[in-house]
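Q: I am new to this structure and would like to learn how to read it. Could we go through a few features together?

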Amino acid sequence: IVAHRHGQRWVQDYQQNREELERGKSAVKEGGVYLITGGLGQVGFVLAAYLIEHYHAKLILTGRRELIADGSEGSGEDWMERYKRLKAMSSEVSYFSVDVSEEKSFSAMVKAAEQSVGVIDGVIHAAGNIDHQYFELIEDITIEKAMAMFSPKVAGIENLYRVFKDRDLDFVWLTSSLSTVLGGLGFASYAAANSYMDHFVAARSKELPGWKAVGLAGMAFTEQDIKNEKDNLNPVEIASLFNWSLLSSGSQIIFEHKSDLNKRITEVYYPRVYKGVNHQLEEDDFIKIKRPHLSTSYVEPGTPTEQKLALLFGDFLGIENIGLIDNFFELGGDSLKGMMLLKRIKKEFNVNITLKDFFLKVNVEGIAAKIDENIWINTEVKTEHEIII
């Protein structure tokens, strides 16, 4: 991003925050009342548990769905389980079913909650739509799904502003996304929604000094994910980041990334050289490394399509013995490599696999099944006796 202002050229840059913070200090008060939108989502739950355990906080949690403990479809079993765990930690936990994007109902909820729980001291805005079906490629973007992405972020922050702009709160902590910097295939609407929220805070920095928008990168919540995804934040690190960011001075827009962010930006945006679909393979191209240690065990490809596709994966990525369920991204693939590999798949099998299908399948088993399905659909079935109905 480049801007020309008053005869000067400005280039956007990101600098690592090396500020030393006072140990033991916190912006959270003991026994404070805190509102968490999306409070039973993964991030909301982690921070709710942290506030209870370390500050004996009284919590007002919100979410769009009703908590129905009957085990029926759509009852929100994960949410109910998290709610029970929080209630077991403290009796000072209340849940309200309300959409933060609906101004009147949200404002009424805040009023009712404060009457029953106490005056709100701070807000964590963790509401957001992370349902995979709403992450559309640009050519597939629909107004309906884009607006579903915008709702909790765009309308949500505007409603938070209307309700709390004149309050002297301890903090308003907003979960944004690193996708506003790095983008990502399918992230157009999501990145735009979070970017709006970041700029909303930046534009009102003098008016809202206690508001922070924190762009989160990858996160891991289950024991297995924490073990396999060491570059992602675990729950302890999420809580630590929350506490640290509240005390950090300077910019109210903070981005989290475990490695060098500017280096990552260069990797994403600067051209990289890959062997194209028409590249004539040389002898050196077939020198491969051994299959790395992965989160999946090796499963031998079975069908002819699976075997051929596994070899194609191996030739392209330079890895021996690609397994049936090995994840393309864990093998070192990325979105650009995925597009290049799709061209080779089309040339090899004479079928069109969409990028969306590729990212939904991500391994030899899933993509091979899609190839066989497309071949079957496109094959003309010849019969000796044709029956017309």
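A: Gladly! This is a predicted model, and we can begin with one pair of residues: Tyr 34 has Gly 122 in strand 6 as its bridge partner.

Q: How many bridges join strand 3 to strand 6, and do they run parallel or antiparallel?

A: In general, strands of a sheet pair through backbone hydrogen bonds, either parallel or antiparallel. Here strand 3 (residues 33-37) and strand 6 (residues 122-125) run parallel and are joined by four bridges.

Q: What is the order of the strands in the open sheet?

A: The seven strands follow the order 5-4-3-6-7-8-9, with parallel pairing. Strand 5 (93-97) and strand 9 are the edge strands, each pairing on one side only. On average, neighbouring strands of this sheet are turned by 20° against each other, direction ignored.

Q: Why is helix 1 said to be largely enclosed by the rest of the structure?

A: A residue counts as buried when its relative accessible area is under 20%. In helix 1, 11 of the 14 residues are buried, so the helix is largely enclosed by the rest of the structure. Among them are Phe 45, Leu 47, Tyr 50 and Tyr 55. Just after helix 1, His 56 takes a positive phi of about 50°.

Q: Which residues are the closest to the centre of the second largest pocket?

A: That pocket has a volume of about 1,700 Å³. Of its 40 lining residues, Asp 13, Tyr 14, Gln 15, Phe 255 and Leu 261 are the closest to the centre. Helix 9 gives the largest share of the lining, five residues. The lining divides into 17 nonpolar, 16 polar and seven charged residues.

Terms used
Residues are numbered from 1 along each chain as its sequence is written. This is a predicted model: local features need pLDDT of at least 70, side-chain atom pairs count only at pLDDT 80 or more; totals for chains, interfaces and linings use all residues. Side-chain values use heavy atoms; hydrogens and water are left out. On a 1 Å grid over the protein atoms alone, a cavity is a set of points where a 1.4 Å probe fits but cannot get out, and a pocket is an open set with protein on both sides within 12 Å along at least five of seven lines; lining residues have an atom within 4 Å of a point. Grid points are joined across faces, edges and corners, and a volume is the space filled by probe spheres set on the points. Helices (H or I, at least four residues) and strands (E, at least two) are DSSP runs, numbered from the N terminus. Ala, Val, Leu, Ile, Met, Phe, Trp, Tyr, Cys and Pro count as nonpolar, Asp, Glu, Lys and Arg as charged, and the others, Gly among them, as polar. Buried means under 20% relative accessible area, exposed over 50%, partly exposed in between (1.4 Å probe, protein chains only). Two strands pair if DSSP finds at least two bridges between them. Axes are lines fitted to C-alpha atoms, for helices over the stretch in contact, and angles run from 0 to 180 degrees between N-to-C directions.
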